Amino acid sequence: MTAADLSFLAAAAAMVGGAALAVTRRSAVYAALSVVVSFMGVGVAYFLLAAEFLGIAQVFIYAGAIIVLFLFVIMLLDLRRGVPDLVRGNDRPFHLPALLLALAVFLLAALPATVCPGEWPPLAPDDGFGSTGGLGRAVYSGHTLAFEVVGLVLLAAVVGSVAVAGARPPREAPPGGA
Amino acid sequence: MGATLAKSLFVLLALLHLVPVLVYLERKLSAWIQDRRGPNRVGPWGVLQPVADAVKLLFKEEVIPAGADRGLYRWAPALAFVPPMLAFAAIPFGNRIGTESLVVSDIPVGVLFVLTIGSLSVYGIAFGGWASNNKWALLGGVRSSAQMVSYEVALGLALVSVLMVSGNVGMQEIVRRQTGSFSLAGVPLPAWNVFQQPVAFVVFMAAAFAENNRLPFDLPECETELVAGYHTEYSSMRFALFFMGEYVAMITMSGLAVTLFLGGWHLDPFTDPDSGTWAQGAISVLVFGAKTLAVLLVYIWVRWTLPRFRYDQLMGLGWKGLVPLALANVAATALIWGPEAGTMP
Amino acid sequence: MFSLRACLVVSAALLATGVYGVVARRNIIIVLLSVEVMLNGAALAFAAFGRQWLGAAGHAGQVVVLLTMAVAAAEAGVGLALLLAFERHRRCVDSDDARTLRG
């Protein structure tokens, strides 16, 4: 057991445990909190995988922005309805068919793990693998097109979100209408 | 190991002791600005007032409102207090003593670390507001989450141009790059980033005020509308933790501003005698402390001078003012520094 | 212990947990969170393969992770915007209520 092994075990426990809690919580706020724990674990795993920039970006983007956005929406909906619980009776946290499907997905996705190597290749010191500079060079030299397409996707998402969520509320539906 | 422990302890104690000093300064300065006397009963010139405040808070009864989510309610203050404290670990508070760099941990992604960890304090505020089972507190939580996410964009974009000039994301390296001078229209100026990137500095400071929920952007606790915002229901030490967290976040943000824009621990950027002696190390720490305190005084000065924004004005300023300005600044920086830098390092 | 194999198992577990959440839950907010969990599972596998291959191929894996994060942010933004619009219409966030095409 090396230090990396122990750290990875802790990170894996946070990742899987947090995700499992997230999908079984009744309260959306607790689900969001569990997801944060899970994503912190993923961030730690990135650090262990010699991807320091990804590790910090993971925490920055997911914990610092995306989940905060979720919390914002959850709390906004709470305010609008005046009740702190959005869960309806038919939302059962445990659901056997879904559990079986998830098990099948897990087995299928973990299949490659049976044939892959059990050791990491040694990391060359100071070649900048995974550092901010190294990753930046990789993005802007070999993957410029993908980077710009993602920029376009983000722009479209911003415009779309504003158009959808910022639209004026429709007039109250007449009684009996859908 | 021992050195790291000593540095951590130093930072921890310095931060914790700076908070009461700041509280005192805030009350005294606000009094002077408003032509009052301020605290003057406890100790000479009222300097022991923060101690009296702390004792009062410690002995107050703690009330947990009915219907509150007890687990989150208890933990939220800690979530607001710990991250800004942790973020300071990557801020260099001095040059070096011997070979020991005066920063708790000089990680290669230092700037991003400070921003990332500092931004996590929004969870304390949001959960505190949500768990209180109180409409005003919830409104405060909603406001803070939207405000923090919005102004992080401007903050990050302001930093992009600074990083382009520095060519590095390590904190000590950014400070070292601010040695020497550069000439603007024949006038030699220190190579501090505030002179090289004035627009970025303005955007950064405006966004920093918003990130710290300070006036003119303190909408999450806007007392004229929301009683006390997200900490309406809090009392005793849990309230004190929120309160201290806010001040520690201010100190961390000021330290970041000093490091990124004001030359860090440099006293005189033109001549930089760097021999690593104890005396020079101590001077660099003092210089850093003095600069940080100066930025903190600006925080206080602004708070008691400007009125509060309305929430839509706050969002308008962030998205329609600061973000485009910072983007334009990034483009201009690329045009000016890009050809000079030539190929990528 | 800590190896590509272990990373792939954890990544598969994240993916499967996300699938479970998407299929089993009806609260749209939690469904969206589950989608984020699935994306993270995939991203972890990319980063792990990157660590295995190193060099330019390894960096390609990390670039995919980075772009995944950007796409996840876009997805969250659009998803939550749709959710807000849906809630305004139907007064609930239950995916079972979203089965009619009539406004």
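**Chain contacts and helix H1 of chain B**

Student: In this predicted model, which residues of H1(B) are buried?

Tutor: A residue counts as buried if 20 or more other C-beta atoms lie within 10 Å of its own. In H1(B), that holds for B:Lys7, B:Val19, B:Leu22, B:Tyr24, B:Glu26 and B:Lys28.

Student: What do the buried residues of H1(B) pack against?

Tutor: The partners are helices of chain B. They are helix H2 (49-59), helix H11 (236-261) and helix H12 (278-303).

Student: How far does helix H1 of chain B reach from its first C-alpha to its last?

Tutor: The helix covers residues 2-33, which is 32 residues. At 1.5 Å a residue, 46 Å is expected. The span in the model is close to that, at 45 Å.

Student: Which residue just after H1(B) takes a positive phi?

Tutor: Look just past the end of the helix. A phi of about 60° belongs to B:Asp35.

Student: Which element gives the largest share of the side of chain A that touches chain B?

Tutor: The contact takes 22 residues from chain A and 24 residues from chain B. On the chain A side, helix H3 (52-81) and helix H5 (132-142) each give two or more residues. The largest share, 16 residues, comes from H3(A).

Student: How many residues on that side of chain A are nonpolar?

Tutor: Sort the side of chain A that touches chain B by class. Three residues are charged and four are polar. The nonpolar count is 15.

Student: Which chains have the most contacts between them?

Tutor: No contact joins chain B and chain C, whose closest C-alpha atoms lie 12 Å apart. Two pairs of chains touch. Of these, the most contacts are between chains A and C.

Technical notes:
Residues are numbered from 1 along each chain as its sequence is written. Chains are lettered from A and ligands numbered from 1 in the order in which they are written. This is a predicted model: local features need pLDDT of at least 70, side-chain atom pairs count only at pLDDT 80 or more; totals for chains, interfaces and linings use all residues. Two residues are in contact if their C-beta atoms, placed from the backbone, lie within 7 Å. Helices (H or I, at least four residues) and strands (E, at least two) are DSSP runs, numbered from the N terminus. Ala, Val, Leu, Ile, Met, Phe, Trp, Tyr, Cys and Pro count as nonpolar, Asp, Glu, Lys and Arg as charged, and the others, Gly among them, as polar. The expected span of a helix is 1.5 Å times one less than its number of residues. A residue is buried if 20 or more other C-beta atoms lie within 10 Å of its own, exposed if 12 or fewer, and partly exposed in between; C-beta atoms are placed from the backbone.
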